[in-house]
Amino acid sequence: MSVKVFGDGLSRVGVREITSGIFWITHCLGDHAKEHYSDFFGLLSNPEDYVSNRIVDIPFSAFLIVDEKSLLIDTGSPAQRANTLTALDYLLGSHALDYLWISHIEIPHAGNAAAIQRKYPGAELITVSGGDDYYYALHGLEDAMLVSVGDIIVLGKHSIEMVDPIFLDHGKSQWLYEQTTGFLFTADWGHNLHEPSHNQCFQFVDEMENSGYTDELFVDDVAVNAWYQFPWLAWTDPDEIAAAVGRLFKQYDVRIFAPSHGNVIRKDVDRYAALLEEGTRKAVEMPHRFAY
Amino acid sequence: MIRMVADDLYQIGECVDGLHGHEAVRFYVLLNDGRPILIDCGSQLYRSESIKELDQVLDGSTPEYVFLTHSELPHSGNLESIASNWPHIHVMVSSILLPYIEIAPVLPLEQIATVAPGSTLEIAGREVSFLDALLKDQPGSQWIYDPKTGTLFTGDGFGYYHPAAECELFSDEVEGGIREQWFSTYHRDAFRFLRWVSPEKLNDALDNLFLRRDVKIVAPIHGNAIRGDIPEHVDRLKQAVTSLCMQYRKEGLDLR
C-alpha cells in the first residue's frame, strides 16, 4: 500500500492513487478513533444486534482528478485544512487546480473552499443549481458554475457527469460519475467502517478483506451508517429504496465506488453493489425510535 | 431585526429576497435571568448587524451557551465572532454530530458538549430538552424544547418563505397565519428526501411530538416565530408534507 500521510491525530490527511489520475485525499482518526467512536454502536436503537469489540473509524474524503484540467471533489474539513492544502500541493505540483466541485455545503465537504480558492485563485467553483443568489452567498459559493443532473464537464481523458443524489441529507446535493474510469462518488451514502487496529486506515475495501473484513460486516456497516445519516429512511418503503440502488448501478457502469466516508471500492463492484442494496434495505428495516 | 417573542425569548436576524419570496435567517436568545442562552447564532453574511443586535438584546450580560440545531453556516456562521467576544461560551450539539470535524475550529473543543437526543438537562439553571429533529438537513440536527416558554426550536423544520411586507411579523400578526403553500415551497427546497417518504409515517411522528410536548411557540430559523394556533400550523405543515410527497410520487421516483 503506497500512502503518503501528512500530519497526525485530528488533523492528519492521507493520499493514495486509486487509478491513474484519480487520487483519494482522506482524513481518519487512526489511533485516536477510540476517543471519538467508542460508543458508535451504542447510540443505535438496537445496539444489542451490534455487540462487538470493534473500534471503528470513519474517513472524511476528497478526491482529485488530474488531467489536462484538474478537478477536486469536495474540500475536507477546516480541522485538516493545512494538511489538505499540503496534500494538494504534493499531488498537483506545478499543475493548476482548475475546478473545485462541491457535493453539498456541510463543513466536512465544503469547509475549505475559500482556503483552496485562495491558494488556487484560478479554480472555478462548481455546485448544484436550483438555489438563488442569496443561497449561494449564504454558503460562500458566489460566482460558482451551476450544474444539473446529466451535465458533463470534460477534463481531458476524464469527463465528469452530474448524478442525481438519490440518498441525501442536505437539500442542495449532487453526486458525480467519471465516465472513463467508472468512478462514482456518492457523498454521504454507501460507506463502510474500518478498524485502525487492523491497519485498515487508507486501505481499499479489497485490501481490508485480508484483515478479516467480510461481506456481512460491510452490509451491517452500510446499514448502520445509513441509519445515522438518513433517519428519514424510517418513513420509507424498503422495496422502493432497494430498487433505487439497483437502478443506480444499472444506469452507471460503476468500476470504482467512492463515498465520502468509507473506504474506496475498486474491485468486485458488482458484488458490492448487491451488498449496498442489501445494506440500505436493512437500514430501512432497522428500528428507528425518535426522541420526542 | 430584534423582536421579543414571549417572556424572555427574543428573535434576532435578517431576511432577504429570493426566488420564492423572502427568507428569514434568524436565531434566538433566552435571556434566562442573566445567564443567556443562544439557539443558533446566525449567518456570517449578516455578522455585523447580528452581533450588534445581539449586544443590544444582551444589554451587558454574558451569554453562557449556544445550542446549535446543526452546524450548517446559516446556523453557526457567527460562532467565531461570538467565541471571540465571549471566550468562555459553551456550545451544545447533538451527539450524532462530531464536533472536531463538523464545527469550524473557532473555539476549544473542550467547550463543545454533545447531548443525546431525548435528554432533559438543567443548563444555566434552566430545564431544556434536546430532541430528535424530525426534519433534518444534516444528520446531527436536533430540535430543542424550552418548557418555560413552551417553545420548540426547529432549526430548518417549519421554515417558510414569506411575502416582502411581512418580514417582521409573527404568525399571529399575519392575517390567516402561515400558509400551507409557504411551508410547502420551503420544505420542497430544504428536504428533498421527501421524495421517498410515506407522509403518514412522518406525520405520525410529528403528531407524537406535539402530543408529548406542550408547544406554545414554534421557532424556526428560516421563518419568524409561530405563536398561537399551533395545532392549526402543525396541520398545515403536515398537509404541505403530504402534498410534496404526493407530488414527488406523481413526478416519478426514478433517477432523472
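Here are some worked exercises on the predicted two-chain model above.

Residues are numbered from 1 along each chain as its sequence is written, and chains are lettered from A, with ligands numbered from 1, in the order in which they are written. Since this is a prediction, local features need pLDDT of at least 70 and side-chain atom pairs count only at pLDDT 80 or more, while totals for chains, interfaces and linings use all residues.

**Exercise 1. Work out the order of the strands in the open sheet of chain A, and find its edges.**

Step 1. Settle the terms: strands (E, at least two residues) and helices (H or I, at least four residues) are DSSP runs, numbered from the N terminus. Two strands pair if DSSP finds at least two bridges between them.

Step 2. Read off the order: eight strands of chain A form an open sheet, β1-β2-β3-β4-β5-β6-β7-β8, with mixed pairing. The edges are held by β1 and β8 (145-147) of chain A, each with a single partner strand, so one side of each has no neighbour in the sheet. From one strand to the next, the twist averages 25°.

**Exercise 2. Trace the pairing of β2(A) with β1(A) and with β3(A).**

Step 1. Start with β1 (residues 4-6) and β2 (residues 13-19) of chain A, which run antiparallel and are joined by three bridges. A:Val5 has A:Gly14 in β2(A) as its bridge partner. The hairpin of β1(A) and β2(A) has six residues between the strands, and A:Gly7 in the turn has a positive phi of about 75°.

Step 2. Move to β3 (residues 22-27) of chain A, which pairs with β2(A) in the antiparallel sense over five bridges. Here A:Glu17 stands opposite A:Phe23 in β3(A). Two residues lie between the strands of this hairpin, and A:Gly21 in the turn has a positive phi of about 90°.

Step 3. Add the pair further along: β4 (residues 60-65) and β5 (residues 71-73) of chain A are antiparallel, with three bridges. A:Leu64 stands opposite A:Leu72 in β5(A).

**Exercise 3. Place β9(B) in its sheet and decide whether the strand is enclosed or open.**

Step 1. Find the sheet: six strands of chain B form an open sheet in the order β8-β9-β10-β11-β13-β14, with mixed pairing. Its edges are β8 and β14 (226-227) of chain B, each with a single partner strand, so one side of each is left without a neighbour in the sheet.

Step 2. Look at both partners. β8 (residues 120-123) of chain B pairs with β9(B) in the antiparallel sense over four bridges, and B:Thr120 has B:Ser129 as its bridge partner. In their hairpin, with two residues between the strands, B:Ala124 takes a positive phi near 50°. β10 (residues 142-146) of chain B also pairs with β9(B) in the antiparallel sense, over four bridges, and B:Asp132 is partnered by B:Gln142.

Step 3. Check burial. A residue is buried if 20 or more other C-beta atoms lie within 10 Å of its own, exposed if 12 or fewer, and partly exposed in between, with C-beta atoms placed from the backbone. Five of the seven residues of β9(B) (residues 126-132) are buried, so the strand is largely enclosed by the rest of the structure.

**Exercise 4. Describe how α6(B) packs against α7(B).**

Step 1. Take the geometry. The axes of α6(B) and α7 (residues 230-251) of chain B come within 9 Å and cross at roughly 165°; axes are lines fitted to C-alpha atoms, for helices over the stretch in contact, and angles run from 0 to 180 degrees between N-to-C directions.

Step 2. Classify the angle. α6(B) is therefore roughly antiparallel to α7(B), the class for angles over 145 degrees (under 35 is roughly parallel, 65 to 115 roughly perpendicular and the rest oblique).

Step 3. List the contacts, which require C-beta atoms, placed from the backbone, within 7 Å. B:Pro199, B:Leu202, B:Asn203, B:Leu206 and B:Phe210 of α6(B) meet B:Val234, B:Lys238, B:Val241, B:Thr242 and B:Cys245 of α7(B).

**Exercise 5. Find what chain B brings to its contact with chain A.**

Step 1. Count the residues: 47 come from chain B and 43 from chain A.

Step 2. Find the leading element: α6(B) gives the most to the side of chain B that touches chain A, with six residues.

Note on methods. Two residues are in contact if their C-beta atoms, placed from the backbone, lie within 7 Å.
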